[in-house]
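Hello,

Here is the structure I promised to pass on. Have a look at it first, and then read my notes below.

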Amino acid sequence: MLQFAYNSRPLSGKSRHFKIRPSNSSPRIVPLILVALLLVACVSFLSSLSEMAFSPEQSPPPLRHSAHEQERFLAYLPHSGLSNQRIELANALALATILQRTLIVPPAFLGTVVGWMKKEQIYEHLGWLTNASVPFESICRPSAPGDLASYVHRSRCGEYRRFGVIPWTDLHDLDSLSSLVNIRYHDMVSLNQLQHDLGVSENDTYVHSDQHLYDWRLYEDLKVARNLLKTNTNFVDSFAGRRYYKVYTLKHWQRRPERLLQLGGIFGSTRLNFVDPEHIALRNRIANALHYRRDTPIGETVRNIVEYLGGQGSFVGVHFRTGDQPFKRLLRKNMLLFAQGMAELTNAPSIPTEDDMLPAVEAEDQVEDDARVPLLPPENGLHVPPWSTVCRNVPKNGAPITSGFRTVVYIATDHRNPRGADSKLLPWFDTFPCTVTLNDLPDHLFEPLDRVHDMIVPEKPLRNFLIPIVDAMVAAHAKQVFATPRSTFSKYIAEMNRAWVS
């Protein structure tokens with residue numbers, strides 16, 4: 001239901017009373033006055049209709065702030081995997097810049113992170129895991145017979161062991177955005193703690209409660225927004241089945257007077273529907289700033305691996321999503337797409353067909369491990385036989401690739417065991433035997449990761465949590481990357497590849 005709102009605050013702190021007084025005017029003037037008042041009301045209604053259609057709730061009353069309380073803040077609730085969190089961070093940076101609010105940035109969470117849920121549940125999970133006062137190493141010690149206390153937090157400790165915390169600044173150079181937006185880092189995911197640290201009261205906080213993962217979508221094109229409202233439809237991403245349930249414009253957030261604007265999850269690469277060229281340019285600048293840093297222990301590890309493979313641009317990269325829907329459903333199609341693209345790029349003598357690549361994918365009885373003799377990269381480098389006698393690196397002088405199926409390939413993938421007996425990727429290794437995966441690499445290349453520890457529990461090493469980041473960064477150093485279609489993470493790797501190599 002549309003509601004009318006007006007500012008009923010008295011002027012100059014004095015009450016204003018309106019009384020009906022008798023008039024000596026002609027009675028015919030009364031209808032004219034009523035008609036005039038009706039016209040004014042209609043004009044007021046029509047002018048406010050478009051805005052109220054987007055945000056039907058009544059506008060909040062204005063708040064007064066002292067001079068030292070003028071800074072306003074934007075916060076959000078992170079969730080899901082690191083790639084999704086990065087998309088949330090990018091959206092938050094754009095919104096905070098446009099709304100001219102200081103962005104409150106939580107840490108980056110690694111490993112197994114809770115997916116979207118109601119805000120109370122996210123606060124419960126992440127609040128405990130980011131509370132530095134919790135003695136995690138004591139509470140979550142290994143369970144032992146006779147040690148009853150070691151079993152008390154078994155469920156929560158399982159979540160703790162699969163979870164890591166790292167500052168975003170260890171991953172990205174956010175200082176490059178300092179001229180656009182103010183940023184404050186807040187280690188603990190807690191609204192009460194945030195309000196306390198910022199000196200913001202409950203009454204000066206607006207909390208948006210999401211009802212869905214894709215609760216709202218922001219539109220700058222008012223014509224598009226009005227049409228969606230008029231037809232009672234929603235924006236739907238047919239590929240992933242994403243449905244945004246509410247239509248918001250920038251005014252919806254700009255008119256909030258509270259100092260702290262606490263949003264829920266703002267994941268979704270299509271959540272902010274910008275049309276303003278300045279805002280599109282802003283989004284691109286943020287995307288560039290969110291490329292992974294290479295001047296860290298993570299970057300040092302990546303350099304070790306890239307040099308082991310032959311150097312930057314000396315191999316072809318593939319990012320193969322296999323674990324999540326709909327990528328699992330499209331595995332057959334994507335594998336054939338990659339194989340044909342590789343054959344064309346490397347001037348292979350033939351182009352793989354569906355019959356070449358897919359029988360093993362379909363087979364119920366997989367080939368036994370001992371029946372396969374994979375060509376594995378040597379411990380000391382790819383220059384050692386028999387690898388060096390079979391496989392060929394990509395020329396670094398820009399010459400065409402002519403090594404065909406013998407070209408060195410690096411596959412980054414979410415598949416846990418690409419060479420396993422039940423792996424759906426085995427046909428790839430049969431066709432391109434000079435393929436390297438992260439699991440094939442010697443352990444000493446990863447030693448720099450041992451210097452990275454959890455920011456909440458400094459005794460906790462993060463090496464295993466950082467492997468997916470290293471995997472993606474290595475692939476981005478290839479001469480060319482084949483990316484899984486419609487994967488935002490694959491798109492991100494391709495963007496880094498263009499920035500670093502192409």
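**Around Y410**

Y410 is a good place to start in this predicted model. Leaving aside residues up to four places away in sequence, Y410 touches L309, F315, V316, G317, V318, V436, T437, L438, L441, D471, V474 and A475. Together with L103, Y410 touches the most other members of the largest nonpolar core, which has 76 residues. Helix 2 (residues 82-99) gives this core its largest share, nine residues. A second core lies apart from it and holds 29 residues, including W128, C157, V165 and L198.

**The four-stranded sheet**

Now to the sheet. Four strands form an open sheet with parallel pairing, in the order 15-14-13-16. Why do strand 15 and strand 16 each have one side without a neighbour in the sheet? Strand 15 (435-437) and strand 16 (481-483) stand at the edges with a single partner strand each, so one side of each stays without a neighbour there. On average, and with direction ignored, neighbouring strands of the sheet are turned by 25 degrees against each other.

Strand 13 (residues 316-320) runs parallel to strand 16, and three bridges join the two. Within this pairing, V318 stands opposite F482 of strand 16. Helix 17 (residues 463-475) packs on the sheet, where it touches strand 13, strand 14 (409-413) and strand 16. The direction of helix 17 makes about 145 degrees with that of strand 14.

Best wishes

Conventions: Residues numbered from 1 in each chain as written. Predicted model: local features only at pLDDT ≥ 70, side-chain atom pairs only at ≥ 80, totals over all residues. Heavy atoms only, no water. Pairing = 2+ DSSP bridges. Axes fitted to C-alpha atoms, helices over the stretch in contact; angles between N-to-C directions. Contact = heavy atoms within 4.5 Å. Core = buried A, V, L, I, M, F, W, Y, C linked by side-chain atoms within 4.5 Å. Buried < 20%, exposed > 50% of the residue type's maximum accessible area, 1.4 Å probe, protein only.
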